[in-house]
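Here are some comments for a colleague who is about to look through this model. They are set out as numbered points, each of which can be checked against the coordinates.

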Amino acid sequence: MKQITKIALLLLFFAVSLAGHSQTKNFIDQPYLETTARVDTLVVPDRIHMSVLITEADTKGRTSVEKLENRMATELKALGIDTDKQLSLSDLGSNFKKYFLRKTDIQKSKEYLLVVYDGLTAGRAIQALESIGIANVNLVKTEYSKIEELKIALRKQAVGKAKTQAEAMLEPLNQNLGRALFISDLNTNIVRFQQRATYGLEYAKAADSSQPLAVEFEKIKVESTVNVKFAME
């Protein structure tokens, strides 16, 4: 009985192996066309993160951090910035950073993270902060809020482009393109160029205070590459 069971298991193993081999062989043996397609686009960042350092050293100790904070909040609200949502302490674990200049001289500093949604608001915020003695504003990063939706759209475009390429390749052969046998998402990347927005920030600080400021930030490049194998009919 045991011998019969062993034989049955061996036969089952060979049957499964043969079926798998047959499927692989069928895929390889049938005529197919393979093509790779890449698409990309540029988007304007709509999340601009800036660090704002408030320090008594900027006013040579004449104005406290607390007063500078209140002035900052007033200026930002005047620009339509929701300080409850767009302004936060960057270091929640430490409320103040203290700089010991001399044994009896302590100057406080506080760092905030400000998020704005366009370059014009960024420029105006920089200008307003400088007007009240806050000059330490730096770009942290830029983002695009709908990046995941954009990635999906680009994958669709890339597959469509792959199909168009495949049809064009078969046209001189008078052959028809069949169904897709295999699709691989090779990569969907966010390509970040060297940030040039810093120069924009410097320009904003130096600009005429009577002029509205539009700080241009580097666009974000998003690209998608797919590999598709089509049956040939």
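1. Strand β7, which covers residues 177–191, pairs with β8 in the antiparallel sense, and 11 bridges are found between these two strands. As a point of register for anyone tracing this pairing, F182 stands opposite K229 in β8. Please keep in mind throughout that this is a predicted model.

2. On the pairing with β1 (residues 32–43), β8 is again antiparallel to its partner, and here 12 bridges join the two strands. The register can be checked at Y32, which stands opposite A231 of β8.

3. Taken together, these pairings give an open sheet of 3 strands in the order β1-β8-β7, with antiparallel pairing. The edges are formed by β1 and β7, each of which pairs on one side only. Direction ignored, neighbouring strands of this sheet are turned by 15° against each other on average.

4. Helix α5, made up of residues 147–170, packs on this sheet and touches β1, β7 and β8, while its direction makes about 140° with that of β1. How much of strand β8 is buried? Of the 13 residues in this strand, which spans 220–232, 11 are buried, and the strand can therefore be described as mostly covered, given that buried means under 20% relative accessible area. When the side chains of the sheet are inspected, it may help to recall that in a regular strand they alternate between the two faces of the sheet.

5. Turning to charged side chains, the structure holds 7 salt bridges, and a network of them links R38, D40 and E223. Within this network, R38 forms a salt bridge with D40, for which the closest N and O atoms are 2.9 Å apart. R38 is partly exposed at a relative accessible area of 39%, and D40 is likewise partly exposed, with a value of 37%.

6. The other pair to examine in the network is E223 with R38, a salt bridge in which the closest N and O atoms are 3.2 Å apart. This pair links distant parts of the chain, since E223 belongs to strand β8 and R38 to strand β1, with their positions 185 residues apart. Is E223 buried or exposed? Its relative accessibility is 14%, so E223 counts as buried, whereas its partner R38 is partly exposed.

7. A further salt bridge lies in the helix that packs on the sheet: the side chains of E148 and K151 meet at 3.6 Å, taken from N to O. Both residues are in helix α5, where they are 3 residues apart, about one turn of the helix. E148 counts as partly exposed at 49% relative accessibility, but K151 is buried, with a relative accessible area of 15%. The value for E148 deserves a careful reading, because exposed means over 50% and this residue, at 49%, is therefore classed as partly exposed.

How values were computed:
Residues numbered from 1 in each chain as written. Predicted model: local features only at pLDDT ≥ 70, side-chain atom pairs only at ≥ 80, totals over all residues. Heavy atoms only, no water. Buried < 20%, exposed > 50% of the residue type's maximum accessible area, 1.4 Å probe, protein only. Helix = DSSP H or I, 4+ residues; strand = E, 2+ residues; numbered from the N terminus. Pairing = 2+ DSSP bridges. Axes fitted to C-alpha atoms, helices over the stretch in contact; angles between N-to-C directions. Contact = heavy atoms within 4.5 Å. Salt bridge = Lys/Arg side-chain N within 4 Å of Asp/Glu carboxyl O.
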